[in-house]
Protein chains: 2
Amino acid sequence: MTMQIIRYVLVGLGNLGRRFCEVIAEKDALLRERYGLELVLVGAADSRGAAYDANGLDPVRVAQIKRDGGSVGAYPGAGRAGWDALSLVESADADLLLEALPVDLSTGAALGLGCMRAAMRKGMHVVAPDKGPLVVAFRELHDLARANGVQLRFDGTVAGGLPAINLGVRDLRGAVVQRIEAVPNLVTGYVMDMLADGVAWEEALGRARAEGVLEADPAWDLDGWDAAAKLVILTNAVLEYPATLDDVQRAGIATVGAQALVAARQQGQRYRLLARAEQQSDGGYALSVAPTPLSPEHPLGQLGRKQMGVVYTTDIYGVITAIIDEPNPIPSAMTMLRDLLDIYG
Amino acid sequence: MTMQIIRYVLVGLGNLGRRFCEVIAEKDALLRERYGLELVLVGAADSRGAAYDANGLDPVRVAQIKRDGGSVGAYPGAGRAGWDALSLVESADADLLLEALPVDLSTGAALGLGCMRAAMRKGMHVVAPDKGPLVVAFRELHDLARANGVQLRFDGTVAGGLPAINLGVRDLRGAVVQRIEAVPNLVTGYVMDMLADGVAWEEALGRARAEGVLEADPAWDLDGWDAAAKLVILTNAVLEYPATLDDVQRAGIATVGAQALVAARQQGQRYRLLARAEQQSDGGYALSVAPTPLSPEHPLGQLGRKQMGVVYTTDIYGVITAIIDEPNPIPSAMTMLRDLLDIYG
């Protein structure tokens with residue numbers, strides 16, 4: 001078997017980027033034997049610096065630096081403190097960009113967008129679990145990929161490691177999708193379950209924060225922005241309907257009172273922050289995100305604390321539900337491998 | 001948009017073939033507009049005859065002939081009574097074969113295998129919801145496709161319209177799949193639910209037969225051959241493990257007594273004919289099909305009468321469950337469109 005060498009750059013070394021580095025090292029033999037691929041991490045960047053080595057960085061070492069609280073800018077012999085992700089992408093000699101930056105809509109996802117644009121203009125394929133650029137510029141990025149003859153994959157943007165987008169985009173071809181329902185966010189379900197158990201709001205948030213599942217800015221999850229962003233990506237990708245965040249009627253979990261949560265529990269129902277796209281009589285879609293009581297018979301009515309899911313209601317493929325049980329962030333991180341193998345496998 | 005014309009032959013006009021003809025006619029405008037494809041049915045065959053017209057047969061008319069109990073051999077101006085599927089495939093000028101023959105392992109799936117081999121040797125792509133040839137000759141057919149530079153798709157062989165194979169083959173790339181659990185057969189669950197309700201065995205079979213969901217030879221479903229065949233295909237396709245029917249430890253639903261079914265129901269469990277592939281310490285897989293009591297917490301523990309599902313337990317993508325609600329055979333039939341669009345879309 002001829003070995004194909006893939007030289008890639010990884011920007012963003014938070015939870016997903018670091019986990020990817022840890023696991024990809026363990027997959028080295030499998031990727032060579034099963035797919036004939038040799039992956040070479042030539043560049044990596046975090047918010048404080050970057051490293052580049054045409055002969056390859058060691059992903060295990062990159063992960064170790066991050067676990068120790070350092071910056072990859074201190075990578076021995078290859079790191080440069082203060083060098084940023086965009087400069088790295090622009091100067092790197094590589095085939096593929098993995099864009100795993102933290103979501104940053106406050107700047108219009110400026111850094112991620114810049115990296116993705118720069119990579120594609122250089123002829124690099126792009127894999128992005130970062131929702132930001134896709135929410136802000138879905139059409140532009142797709143057009144740019146086509147114009148440059150490169151591929152753009154983003155299966156990790158919705159519902160962690162669940163191939164929700166792949167399933168919708170590939171396996172529903174030929175169908176009219178009448179409805180999408182998704183529970184794409186974990187922490188909101190966890191918090192609502194605690195509230196239904198009688199835990200007070202501040203105490204519930206405190207526990208979620210202590211476990212590291214609530215972001216520094218909790219509004220992103222709790223007010224439904226995260227679910228809305230995922231719904232916008234699903235709607236653009238699967239329904240090919242050009243929705244934006246402004247099109248989503250959005251209610252966060254604080255809009256449902258603790259009493260309602262407790263009462264629903266007593267009736268055997270479970271609240272989840274449900275994202276919906278519902279086809280209208282004109283063929284368009286109405287989008288909403290709202291805390292919704294689900295009966296046990298609903299396809300997503302039994303989701304546990306670590307489970308996310310999506311339901312596609314179609315004209316010719318019945319009703320298809322997909323659910324992931326994701327005990328840790330590894331599946332989310334490894335969507336980058338899934339996407340990479342979709343491009344090269 | 002340039003229109004790509006796909007000339008296809010459909011052999012097998014039973015439940016799936018006939019439904020495909022009915023629905024594909026309604027999809028004509030969508031296929032042109034969304035994918036730039038014009039599908040032309042140039043040939044069709046059933047067990048009594050065949051029809052061929054290079055200018056195209058009308059799928060609606062073909063379906064009507066079958067609904068009226070006739071043979072496509074009587075198609076006005078194009079039909080030939082007594083002409084068989086293989087002769088049609090060998091003589092047709094076409095790009096694609098849809099092989100929707102009834103499963104026939106008594107002959108080693110001879111007719112289906114013959115049609116698929118003939119088509120691929122002529123350079124035709126093949127789409128097959130028929131399990132027979134894949135169970136009998138999985139490796140040979142894949143090698144033949146590669147040698148002839150054509151594509152072979154068979155997403156409809158397992159769990160009806162659920163993209164169980166597509167999800168496993170494409171979206172689990174890079175993973176080690178530690179376990180597959182599937183409930184890929186509807187009628188066995190339906191019968192066991194009736195038995196758990198206290199309905200007698202003969203009465204339960206009679207009802208299933210009257211509703212048209214039990215084959216003429218009920219052993220195929222009830223003794224677990226159907227589930228075993230699907231497990232063999234999943235194992236070969238997703239796990240790339242060369243299993244055959246002989247490798248499946250198989251128990252039919254009659255091996256569980258009515259008392260056990262009733263007792264399980266009382267404990268809140270539901271029996272389903274569960275197909276399992278479990279990784280062994282040597283890296284191989286142990287395959288089994290057996291009636292199994294599932295608790296409500298099992299990912300497939302709440303399947304209703306019209307629902308099938310599959311669970312993939314993986315090392316890096318968590319546990320992924322996919323379930324279909326399939327109220328009629330249309331999703332199963334339309335896997336042929338899904339596969340076709342996977343080749344051409």
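1. In this predicted model, chain A and chain B bury about 3000 Å² between them, 52% of it on carbon and sulfur atoms. On the side of chain A, the residues that lose the most area to chain B are A:D171, A:R173 and A:Y317, which together account for 20% of what that side buries.

2. The contact involves 37 residues of chain A and 37 residues of chain B, and 100% of the interface residues of chain A are also interface residues in chain B, so the copies meet through the same surface.

3. Polar links across this interface include six salt bridges found by the rule, one of them joining the side chains of B:D171 and A:R170 at 3.1 Å, N to O. In chain A, the elements α2 (28-35), α7 (164-171), β13 (319-325) and α13 (330-344) each supply at least two residues of the side that touches chain B, and the largest share, eight residues, comes from α13(A).

4. A turn of 180° with a shift of 0.0 Å along the axis lays chain A on chain B with an RMSD of 0.0 Å; the two copies are thus related as by a two-fold rotation axis. Of the residues of chain A, A:A322 comes closest to that axis, its C-alpha lying at 2.2 Å.

5. Within chain B, seven strands form an open sheet with mixed pairing, in the order β4-β3-β2-β1-β5-β6-β7; β4 (79-81) and β7 (152-153) stand at the edges with a single partner strand each, so one side of each is left without a neighbour in the sheet. Strands β1 (residues 4-11) and β2 (residues 37-45) of chain B run parallel and are joined by eight bridges, with B:V9 standing opposite B:G43 in β2(B).

6. Helix α13 (residues 330-344) of chain B lies across β1, β2, β5 (96-99), β6 (125-127) and β7 of chain B, and runs at about 155° to β6(B).

Methods:
Residues numbered from 1 in each chain as written. Chains lettered and ligands numbered in written order. Predicted model: local features only at pLDDT ≥ 70, side-chain atom pairs only at ≥ 80, totals over all residues. Heavy atoms only, no water. Least-squares fit on C-alpha atoms with pLDDT ≥ 70 in both. Contact = heavy atoms within 4.5 Å. Pairing = 2+ DSSP bridges. Helix = DSSP H or I, 4+ residues; strand = E, 2+ residues; numbered from the N terminus. Axes fitted to C-alpha atoms, helices over the stretch in contact; angles between N-to-C directions. Buried area = accessible area lost by both parts, 1.4 Å probe. Salt bridge = Lys/Arg side-chain N within 4 Å of Asp/Glu carboxyl O.
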